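Please read the following account with the sequence and the structure open beside it, and take it one step at a time, from the strands to the loops and then to the pockets.

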Amino acid sequence: MAEPVVRIPDAKVALSTASVYPESTATAFEMAGRLGYDGVEVMVWTDPVSQDVEALRRLSDYHHVPILAIHAPCLLITQRVWSTDPWTKLQRARTAAERLGASTVVVHPPFRWQRQYSRDFVSGIWRMADETDVRFAVENMYPWRYRDREVLAYAPDWDVTKDDYRHFTVDLSHTATARADAMSMVDRMGDRLGHVHLADGNGSAKDEHLVPGRGNQPCAELLERLAGSSFDGHVVIEVNTRRAMSSAEREADLAEALAFTRLHLASSAGSAAEPPAGSPSESRAPQPRVSHVRPRIRRP
């Protein structure tokens with residue numbers, strides 16, 4: 001039988017440097033290069049190397065791994081990284097992206113207690129986006145839960161599709177934690193979906209960031225839809241490997257995540273991006289784990 005023609009979209013698959021924690025940013029570049037990732041997304045946080053543009057450039061050159069995106073330091077643990085002023089953080093992230101050749105800055109919506117920042121956030125992101133070719137892709141978050149209580153920690157909203165942004169990042173671990181319908185959120189983002197954080201989850205109150213295929217999120221369905229669309233952003237593996245017992249086990253998890261992503265990001269030529277109306281979607285069921293052996297996919 002003739003080998004089927006396989007179409008692979010232009011989207012690059014990157015490794016978030018956060019995926020190797022508690023190992024270092026430098027280790028992420030090494031693993032990304034060895035495993036065959038197309039690049040990295042740098043999570044700017046407490047590791048001094050992640051904050052140093054020249055150190056990042058040297059790592060990128062040494063390992064021949066491009067820096068595709070910068071994740072601005074907007075976590076609770078990075079409140080003092082690159083200034084305590086949130087707009088200064090975003091300006092520095094943009095400058096880093098421009099100097100390193102990254103096309104995207106990922107940013108979270110403000111915490112609710114950052115009142116002035118949250119009040120001006122939507123208009124401020126538009127203003128900054130107008131000043132550069134770098135995409136500011138605002139990421140969906142989730143309500144914080146403790147026992148039976150739910151706290152809305154983000155403003156204007158954890159569901160970023162309720163506000164008007166030029167570009168979005170969808171994170172499937174966050175949709176799991178929010179107990180939101182991931183594909184409906186992607187539908188609302190439409191052609192403004194510019195960036196993907198690929199991870200899985202089971203709906204726990206904790207932000208799990210499981211290897212794709214180990215939870216109940218539609219990771220495969222999303223990738224297959226991207227393959228059948230004009231998506232021109234990046235797919236970033238952002239998973240939690242802190243429980244790995246060794247560096248080798250961590251690397252195996254990251255190899256499995258890459259194999260899963262490349263497998264489902266390829267689509268048969270002419271295949272539909274979405275299943276026919278009324279047909280069941282197998283991707284919404286828990287997905288089988290994929291061997292960490294990297295699939296051999298022939299590019300046309």
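In this predicted model, Val 196 stands opposite Val 235, a residue of strand S11. The pair belongs to a wider match, since strand S10, which covers residues 193–198, is joined to S11 by four bridges, and the two strands run parallel. Strand S11 has another partner as well, for strand S2, made of residues 12–16, is also joined to S11 by four bridges and also runs parallel to S11. On that side one can find Leu 15 standing opposite Ile 237 in S11.

What covers the two faces of strand S11, residues 234–237? In a regular strand the side chains alternate between the two faces of the sheet. In S11, His 234 and Val 236 lie on one side while Val 235 and Ile 237 lie on the other, and all of these residues are buried, so that both faces of the strand are covered.

A comparable description can be given for strand S5, residues 104–107, where Thr 104 and Val 106 on one side, and Val 105 and Val 107 on the other, are all buried, leaving both faces covered. Strand S5 is joined by three bridges to S4, and these two strands run parallel. Within this pairing, the bridge partner of Ala 69 in S5 is Thr 104.

Strand S4 comprises residues 67–71, and two residues with numbers in that range, Ile 67 and Ile 70, are listed among those with the most contacts inside the largest nonpolar core, a set of 76 residues. Val 196, met above opposite Val 235, is listed there too, together with Tyr 37, Leu 90 and Val 170. Ile 70 shows what such contacts look like in detail: when its neighbours within four places in sequence are left aside, Ile 70 is in contact with Val 42, Val 44, Ala 93, Ala 97, Leu 100 and Ala 102, and also with Thr 104, Val 105 and Val 106.

Stepping back to the whole protein, one counts eight helices and 12 strands in its secondary structure. Of its 300 residues, 54% count as buried. Among the contacts between residues at least 6 apart in sequence, 77% join residues at least 24 apart. One pair of residues that are distant in sequence is Leu 263 and Leu 223, which are 40 residues apart along the chain and have their C-alpha atoms separated by 9.0 Å. Leu 263 lies in helix H8, residues 247–265, and counts as partly exposed because its relative accessibility is 41%.

The loops hold some backbone features that are worth finding. Tyr 21 and Pro 22 are joined by a cis peptide bond, with omega at about 15 degrees, and Pro 22 has its place in the loop between S2 and helix H1. A cis bond is also found from Ala 155 to Pro 156, where omega is near 5 degrees; Pro 156 is in the loop between strand S8 and strand S9.

Two histidines can be set side by side. His 64, in the loop between helix H2 and strand S4, has a phi near 55 degrees, a positive value in a residue other than glycine. His 209, in the loop between S10 and helix H7, likewise has a positive phi, of about 50 degrees, although it is not a glycine. Is each of these residues buried or exposed? His 64 is exposed because its relative accessible area is 71%, whereas His 209 is buried because its relative accessible area is 10%.

His 209 also leads to the pockets. The largest pocket holds about 720 Å³ of space, and of the 27 residues that line this pocket, the closest to its centre are Leu 75, Tyr 142, Asp 207, His 209 and Arg 242. Its lining is made up of 14 nonpolar, eight polar and five charged residues. The second largest pocket, with a volume of about 420 Å³, is lined by 15 residues, and His 209 is again among those nearest the centre, along with Glu 208, Leu 210, Asn 240 and Arg 243. Here the lining consists of three nonpolar, four polar and eight charged residues.

Key. Residues are numbered from 1 along each chain as its sequence is written. This is a predicted model: local features need pLDDT of at least 70, side-chain atom pairs count only at pLDDT 80 or more; totals for chains, interfaces and linings use all residues. Side-chain values use heavy atoms; hydrogens and water are left out. On a 1 Å grid over the protein atoms alone, a cavity is a set of points where a 1.4 Å probe fits but cannot get out, and a pocket is an open set with protein on both sides within 12 Å along at least five of seven lines; lining residues have an atom within 4 Å of a point. Grid points are joined across faces, edges and corners, and a volume is the space filled by probe spheres set on the points. Ala, Val, Leu, Ile, Met, Phe, Trp, Tyr, Cys and Pro count as nonpolar, Asp, Glu, Lys and Arg as charged, and the others, Gly among them, as polar. Buried means under 20% relative accessible area, exposed over 50%, partly exposed in between (1.4 Å probe, protein chains only). A nonpolar core is a set of buried Ala, Val, Leu, Ile, Met, Phe, Trp, Tyr and Cys residues joined through side-chain atoms within 4.5 Å. Contact means heavy atoms within 4.5 Å. Two strands pair if DSSP finds at least two bridges between them.
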